[in-house]
Every structure is written in C-alpha cells, then in structure tokens.
Amino acid sequence: MIVLGIESSCDETAAAVFSHEKGLMSNEVYSQVAIHAQYGGVVPELASRDHIRKITPIVDSAIINAGLSLADITAIAYTKGPGLIGALMVGAAYAKSLSYSLQIPAIGVHHMEAHLMAPMLETDQPSFPYIALLVSGGHTMLMAVYGFGDYKVLGESVDDAVGEAFDKSAKLLGLPYPGGPHLAKLAEQGDSTAFNFPRPMTAKNTGFDFSFSGLKTAVRNTYLASDQSDRVKADIAASFQAAAVDTLVLKCLRALEKTGFKQLVIAGGVSANKRLREQLHHRLRLLNVQLFCPRHEFCTDNAAMVAYTGYRRLHENPCDADTDLTIKVMPRWPISL
Ligand code: KG4
Ligand code: ZN
C-alpha cells in the first residue's frame with residue numbers, strides 16, 4: 001500500500017507519502033505562520049484560502065520527492081477532524097476528489113490519533129500498552145493506549161490546552177506568533193524559580209485532568225504588576241514553563257503509577273518542548289520507564305503521521321475507507337469514539 005497523506009486542520013498545509021514496504025518516502029510541510037503572525041493568531045478564513053492556494057503544489061512535491069507519480073498512489077488519507085471547519089474542508093474535498101479520479105480508497109483520519117501514532121514513524125517504537133501524553137495547541141490529553149484504535153482517555157484539560165496557555169502567555173509577553181517555541185526560547189534566559197506560579201489540579205485526589213487557565217491568569221497578573229523589563233519577562237517565561245511542565249510530568253507519573261505501564265509516549269506540538277523532554281527523561285529513568293518522543297518535525301503538524309495512521313486503519317480494517325463522495329469533516333471529534 002502506498003498512501004498519500006494530507007493534513008490541513010489548522011495553519012499547516014502538508015502532504016506525505018508512506019509505503020508499507022519503504023516507510024516514509026516524502027514529507028512536505030508549508031506553514032502559514034507569516035500570514036497569521038500580523039494578527040497574533042490563526043484567522044480561520046485566511047487559513048482556508050491559503051490551504052486552497054497551496055494544497056496542489058504541496059501534494060505535487062510530496063509525490064515528486066517520493067520519486068513517484070500519481071498513478072503509484074494506492075490510497076489517500078486526510079485529516080477529517082478535529083480542527084478548523086473551513087481548513088478541514090479543503091483537505092477533505094481535495095483528497096476525496098483525487099481518490100475518485102484515481103479510483104482508490106480515501107480515509108478520514110483523526111488528527112489527534114495521527115499525533116498519537118507519530119512515534120511509530122521512528123525506528124525505536126513503543127509496544128502496546130503504554131501511556132500517551134498528547135499536548136498540542138487545541139488538546140491536552142493523557143491516555144492509556146492498549147492497541148491501535150483501543151484508547152482510554154484518562155484525563156484532559158477542563159479549560160485551555162497547554163499549547164494555548166503557552167501561546168497566550170507568550171502573546172502577553174509581547175512575543176511573536178506562534179508563541180510556544182518563542183516562550184520556550186526566552187525561558188532559557190530566565191530564572192524558573194523567580195515566580196511560584198500555581199501547578200493546577202496537582203493536589204492528591206485531583207485525578208488525571210488538567211487546568212491551565214488559572215496559570216495563564218497568574219502570568220497575566222504578575223506581568224501587569226511588574227516593571228515589564230526584559231529580565232522580568234524572561235523570569236516569567238521560565239517560571240510559567242516550569243509550572244506547566246511540572247503539571248504535565250506529575251500527571252504522567254500518576255498515570256504510570258496507576259497502570260503500572262513501563263512506557264510513555266509524548267506527542268503533539270508541545271512535546272517538542274526541551275524542558276518537558278529533559279524533566280521526563282530524568283524522572284522516568286529513576287522509575288525504569290522508557291520515554292518515546294517523535295523527532296521535532298513529527299511533533300508539530302505534519303502529513304507523515306496522517307499517511308501512517310491512514311495506512312494502519314486501512315490495513316487493519318479496509319471497511320474504514322469512505323464509502324461515498326460526501327465531504328464530511330468533524331471540527332470537534334472525541335478520540336475514543
Ligand atoms: O500539534 P501542533 O503543531 O498543532 C495542533 O494540533 O495544535 O501544536 C501546536 C502547539 C502550539 O500551541 C505551539 O505553541 C506549541 O504546540 N509548541 C510548543 C513548542 N513547539 C510548539 N510549546 C512549547 N514549547 C515548544 N518548543
Ligand atoms: Zn496538531
């Protein structure tokens with residue numbers, strides 16, 4: 001099977017080719033960051049329009065860079081949700097039209113399941129069962145993963161996603177969009193103990209859910225009451241990052257302890273965070289738990305993970321392929337359904 005993957009759920013237009021024999025053959029990502037930067041966040045209508053502009057050249061590059069032609073593709077996987085409705089519609093319409101013209105199956109993939117599968121693109125892969133921490137701009141989820149398609153959500157954020165908290169705190173500190181990586185960079189120059197920000201929902205008996213809106217408010221109040229100097233900004237960034245990471249690490253340890261699982265997977269944009277990786281490495285080594293993190297380009301949005309997930313779904317259950325030409329997307333879509 002040679003699967004063309006298409007990702008367009010937010011502000012990246014991406015296409016990739018995955019072959020069950022050769023593995024990942026190409027991986028193309030075009031980011032709309034420059035378009036949205038002037039607005040300080042993603043403008044959904046501009047995102048949809050730009051996906052329309054870039055989807056054909058990106059798909060063409062993915063196929064050419066794989067050394068293939070369209071006739072070699074045997075299935076198409078596209079992100080069906082969750083995400084921005086207009087952006088999703090572009091990828092879904094393109095994928096389904098192309099599958100119809102080539103007379104090959106199309107399959108709609110869950111974006112977070114694709115993030116969850118990203119470590120499977122690496123040579124060192126986890127084996128079931130394991131705990132997964134999915135951390136992106138729209139989601140914060142802790143899951144028990146028993147097999148492909150067999151997931152139990154242990155906890156999720158009751159308010160903001162952790163990536164959203166990074167982005168909003170970064171914006172407050174005057175950092176460019178998208179804020180997460182910029183805040184992480186600034187944090188390297190700051191003192192992570194300068195401000196004792198809350199570690200929300202970490203007390204005993206708080207379970208596996210997360211809450212990040214209080215932390216974001218604490219950052220805001222501290223910043224507005226400060227002299228707003230560069231020194232203070234770096235200290236706030238470092239202290240915020242420490243609080244967010246401590247919270248994520250604590251919940252992971254809690255889930256590992258409860259299940260007794262010996263492997264942890266982290267995925268999604270925030271899993272690129274250096275402090276999160278370092279803290280987990282350090283804590284898990286002591287517990288003899290193995291950590292699996294995808295490489296940076298597989299953490300943030302990409303189509304390699306979509307192509308791979310589509311391949312797994314079609315391989316395990318060919319009936320999962322779309323059965324008609326209706327273009328249906330799922331802007332909200334729980335992963336455990
Ligand atoms: O998975 P992703 O690319 O897109 C979504 O599905 O949301 O995640 C994007 C999120 C953004 O909030 C971004 O700021 C955050 O991941 N992010 C980071 C880092 N790199 C990306 N947050 C903290 N540290 C980073 N190094
Ligand atoms: Zn994502």
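This is a short conversation about the zinc site and charged residues of a predicted model.

Student: What makes H111, H115 and D301 donor residues of the zinc ion (ligand 2)?

Tutor: Their atoms, NE2 of both histidines and OD of D301, lie at 2.0 to 2.1 Å, and a donor has to be within 2.8 Å of the metal. Both H111 and H115 are buried, and they sit 4 residues apart in helix α4, so about one helical turn separates them.

Student: Why is the site of the zinc ion (ligand 2) called irregular?

Tutor: The angles among its 4 donor atoms run from 96 to 138°. Four donors count as tetrahedral if all angles lie between 85 and 135 degrees, so the upper value of 138° rules that label out. Square planar would need opposite donors over 155 degrees apart, and the angles here end at 138°.

Student: How do you know which kind of contact joins D160 and K216?

Tutor: Their N and O atoms are 2.6 Å apart, and the cut-off for a salt bridge is 4 Å, so the pair qualifies as one. D160 is in the loop between β8 and α5 while K216 is in helix α7, so the bridge ties together parts 56 residues apart in sequence.

Student: Why is D160 called buried, and what is K216 called?

Tutor: D160 has a relative accessible area of 9%, and buried means under 20%, so D160 fits. K216, at 21%, counts as partly exposed.

Student: What about E12, which is buried?

Tutor: E12 has no salt bridge, as K54, the nearest side chain of opposite charge, is 13 Å away. Its side chain does make a polar contact with that of S31, at 3.5 Å.

How values were computed
Residues are numbered from 1 along each chain as its sequence is written. Chains are lettered from A and ligands numbered from 1 in the order in which they are written. This is a predicted model: local features need pLDDT of at least 70, side-chain atom pairs count only at pLDDT 80 or more; totals for chains, interfaces and linings use all residues. Side-chain values use heavy atoms; hydrogens and water are left out. Donors are N, O and S atoms within 2.8 Å of the metal (3.2 Å for Na, K and Ca); water is not among the atoms, so sites may look incomplete. Four donors count as tetrahedral if all angles lie between 85 and 135 degrees; four count as square planar and six as octahedral if opposite donors are over 155 degrees apart and all others between 65 and 115; anything else is irregular. Helices (H or I, at least four residues) and strands (E, at least two) are DSSP runs, numbered from the N terminus. Buried means under 20% relative accessible area, exposed over 50%, partly exposed in between (1.4 Å probe, protein chains only). Lys and Arg count as positive and Asp and Glu as negative; His and the chain ends are not counted. A polar contact is a pair of N or O atoms within 3.5 Å; within protein, one must be able to donate a hydrogen and the other to accept it, and residues adjacent in sequence count only if both atoms are side-chain atoms.
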